[in-house]
Amino acid sequence: MKSATHHSEEFDVVIVGGGHAGCEAAMAAARMGARTTLLSLKSSRLAQMSCNPAIGGIAKGHLVREIDALGGIMGQIADRTGIQFRLLNSSRGPAVQAPRCQSDKSKYSNEMRIEMEWQENLFLQDAEVSGLILEGNVVKGVQLSDGSRIQAKAVVIATGTFLNGLIHIGNQSRAGGRISEQPSVLLAENLRALGFCIGRLKTGTPPRLDKRTINYAQFEEQKGDPNPTFFSTKTVSCTLPQISCHLGYTNERLHEVIRANLKRSALYGGFITGIGPRYCPSVEDKVVKFSGRERHQIFLEPEGLDADEVYINGLSTSMPEEVQQEMVRSIPGLEKARIIRPGYAIEYDFVIPTELHPTLETKKASGLFMAGQINGTTGYEEAAALGIVAGINAALKARRQDPVVFPREESYIGIMVDDLVTRGVDEPYRMFTSRSEFRLLMRIDNADRRLTPLGHSLGLVDDAHYQEFLKKYQEVDQLRDFMKGHRWNREIECPGLESQLDANAVKGSTLEEILRRPGINVEDLAPLLRAHSRMPSCVAVRNAVEIEIRYEGYIQQQMRDAEKIRRISSRLIPLDLDYAQMDGLSREIREKLKKVQPKDLAMASRIPGITPAAVSIIGIYLEMRQAGRKNSFKKPET
């Protein structure tokens with residue numbers, strides 16, 4: 001493992017925290033040529049899966065695809081260590097389909113560490129950061145708990161749940177960033193002292209069971225897909241053996257155990273002050289808030305090929321250990337189950353994300369970036385996506401180059417960043433496809449088309465992979481052009497096509513028009529396409545063409561809508577704009593604008609409480625300012 005001394009070395013970028021955000025940030029900065037060090041309490045536990053042993057899911061899978069398209073690492077590691085792959089929402093439209101994989105938890109962390117140890121420009125260190133080194137409002141490095149200092153041109157804080165973390169099991173509470181790991185208290189105190197607005201959130205995990213004590217015959221087996229959908233465009237096949245998960249349900253007996261012991265729960269006993277995730281509630285929350293439901297789904301998810309631990313997805317709890325045992329054994333098939341590790345709740349500090357620019361640089365300190373759960377998010381995928389954004393911009397900051405801002409209309413990464421810095425959070429932020437106004441434009445199949453050119457320009461995507469990318473979309477465009485111009489005249493027999501429709505009825509139609517018919521796909525036209533040397537061997541090319549043709553009308557409409565947002569986004573707002581000079585804005589609106597510091601009119605319009613009239617006033621003021629009539633602005637007549 002490459003290491004660096006604490007006392008004398010200087011770096012371009014320092015990353016604080018070795019979770020999913022920190023790892024992605026460190027890899028991005030190092031691969032862009034920045035001399036980077038990652039500081040963590042235990043570098044042997046990089047990219048730990050503290051919660052469920054899985055990557056991806058609805059919208060989360062979109063984020064991983066986008067990370068991969070930019071040249072990030074999460075998708076490759078997930079594919080390499082996946083032990084079950086499933087495409088979620090496969091029966092629905094392409095906009096909401098998303099890959100998910102069960103991961104071998106231990107192998108995932110090991111593979112990530114190996115990848116990082118071999119990465120040029122990246123140095124891993126075991127160290128506790130106690131504070132930031134500032135000159136005025138500019139970050140110059142970090143102070144370590146042993147008294148030494150590390151100088152840096154940019155710093156990324158990615159502390160996950162470690163920032164002043166507190167673990168709860170029943171009425172027992174103890175300091176911790178994860179189970180059996182110490183929290184980061186000194187850095188939390190330093191951030192408060194520097195004036196950052198700090199909030200408190202909580203999350204939780206279920207108990208882990210010994211797989212040898214489970215009667216799987218009482219559960220429904222869930223196998224993976226026979227033809228996996230991977231996260232990375234570089235992956236061609238599974239590396240590890242594939243295994244099953246199992247589906248089960250809670251029952252009235254378990255619910256009664258919870259109701260009888262509700263006051264002993266850390267959550268309902270008043271021991272927790274942090275706000276938990278609404279869309280991943282504890283089982284106590286499910287029983288209380290959905291009292292009319294007779295049962296709730298649970299999934300038995302293996303933590304690895306060689307691991308004895310099984311994760312009970314859906315049974316997150318902060319009950320005392322003895323109550324957890326009673327809860328588990330009330331489920332058919334788990335009557336003899338042994339708990340290896342109890343579930344627990346953890347609450348931690350986070351920085352209110354409206355204190356960040358869209359680059360994830362803080363407004364209070366130049367050169368300081370934040371990524372992951374410190375921004376108010378929950379989930380490995382959200383953390384990694386924020387990590388790559390922070391790592392990219394930290395490296396650019398170290399070079400004194402302009403930062404990268406991810407537009408909302410071009411990626412789920414952009415949506416998440418915009419939501420956080422514009423609206424803030426009142427609960428842990430989780431990504432959903434419903435957060436996007438342009439879901440058909442931001443599918444998993446075209447993540448590379450949207451983001452790989454940017455990744456290549458930043459140095460994150462190598463030339464060889466970029467050439468493969470160009471070749472793929474050259475094939476897509478050529479096939480689309482052929483299908484648009486070629487008319488069906490039955491010169492080549494296509495049995496797959498003719499078995500589904502009257503071939504004479506569609507004679508004279510373009511192949512594009514035929515492909516829009518229900519149930520028809522590119523494979524049905526294979527004999528004709530091969531005769532014209534147009535049949536692509538790559539499944540990804542065929543899928544892309546089918547989606548673009550079938551949904552062309554909807555896609556074009558969303559492209560027009562996205563263009564409207566781009567036009568509004570081009571109306572930039574200077575950071576030094578004085579909203580107090582604008583007649584017609586209420587005090588509340590002025591305070592919100594001053595707090596968020598929107599970069600353009602589109603961003604201003606998305607701030608909660610900012611009215612269309614206020615946006616109009618800002619627009620008029622910007623025009624007058626540009627025309628040199630700054631002091632002549634008056635509230636327009638209404």
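Here is a walk through a few helix contacts and buried spots in this structure. What you're looking at is a predicted model, in which local features need pLDDT of at least 70 and side-chain atom pairs count only at pLDDT 80 or more, while totals for chains, interfaces and linings use all residues. Residues are numbered from 1 along each chain as its sequence is written, and side-chain values use heavy atoms, with hydrogens and water left out.

Let's start with a pair of helices. Two packed helices are described by the angle between their axes and the distance between the axes. Helices here are DSSP runs of H or I with at least four residues, strands are runs of E with at least two, and both are numbered from the N terminus. Take helix H6 (residues 252–260) and helix H8 (residues 321–329): their axes come within 8 Å and cross at roughly 165°. The axes are lines fitted to C-alpha atoms, for helices over the stretch in contact, and the angles run from 0 to 180 degrees between N-to-C directions. H6 and H8 are therefore roughly antiparallel to each other (under 35 degrees is roughly parallel, over 145 roughly antiparallel, 65 to 115 roughly perpendicular, and the rest oblique). On the H6 side, Arg253, Leu254, Val257 and Ile258 meet Val323, Glu326, Met327 and Arg329 of H8, where contact means heavy atoms within 4.5 Å. Those contact residues divide into five nonpolar, no polar and three charged. For that split, Ala, Val, Leu, Ile, Met, Phe, Trp, Tyr, Cys and Pro count as nonpolar, Asp, Glu, Lys and Arg as charged, and the others, Gly among them, as polar.

Now step into the loop between H6 and helix H7 (283–289), where you'll find Asn261. Asn261 is buried, with a relative accessible area of 14% (buried is under 20%, exposed over 50%, partly exposed in between, with a 1.4 Å probe and protein chains only). Not counting residues up to four places away in sequence, Asn261 touches Met319 and Val323. Val323 is also one of the H8 residues met by H6.

A second helix pair is H3 (residues 74–81) and H4 (residues 105–117), whose axes come within 9 Å and cross at roughly 135°. That makes H3 oblique to H4. Met74, Ile77, Ala78, Arg80 and Thr81 in H3 meet Lys107, Tyr108, Glu111, Met112 and Glu115 in H4. Sorted by type, the contact has five nonpolar residues, one polar and four charged.

Helix H18 (residues 587–596) is a nice one to rotate on screen. Its buried residues include Ile589, Leu593 and Val596. They cover an arc of only 75° around the axis, which puts them on the same side of H18; the arc is that of the directions from the helix axis to the C-beta atoms. The buried residues of H18 pack against helix H10 (412–423), helix H19 (601–605) and helix H20 (612–626). Turn to the face away from the buried side, and you meet the exposed Arg587, Glu588, Glu591, Lys594 and Lys595. Just after H18 comes Gln597, with a positive phi near 55°.

Two more buried residues round off the tour. Ser569 lies in helix H17 (residues 552–569) and counts as buried at 18% relative accessibility. Leaving aside neighbours within four places in sequence, Ser569 is in contact with Asp600 and Ala602. Thr159 sits in the loop between strand E9 (149–157) and strand E10 (166–169), and is buried at 9% relative accessible area. Thr159 touches Val16, Leu187 and Ile374, again not counting residues up to four places away in sequence.
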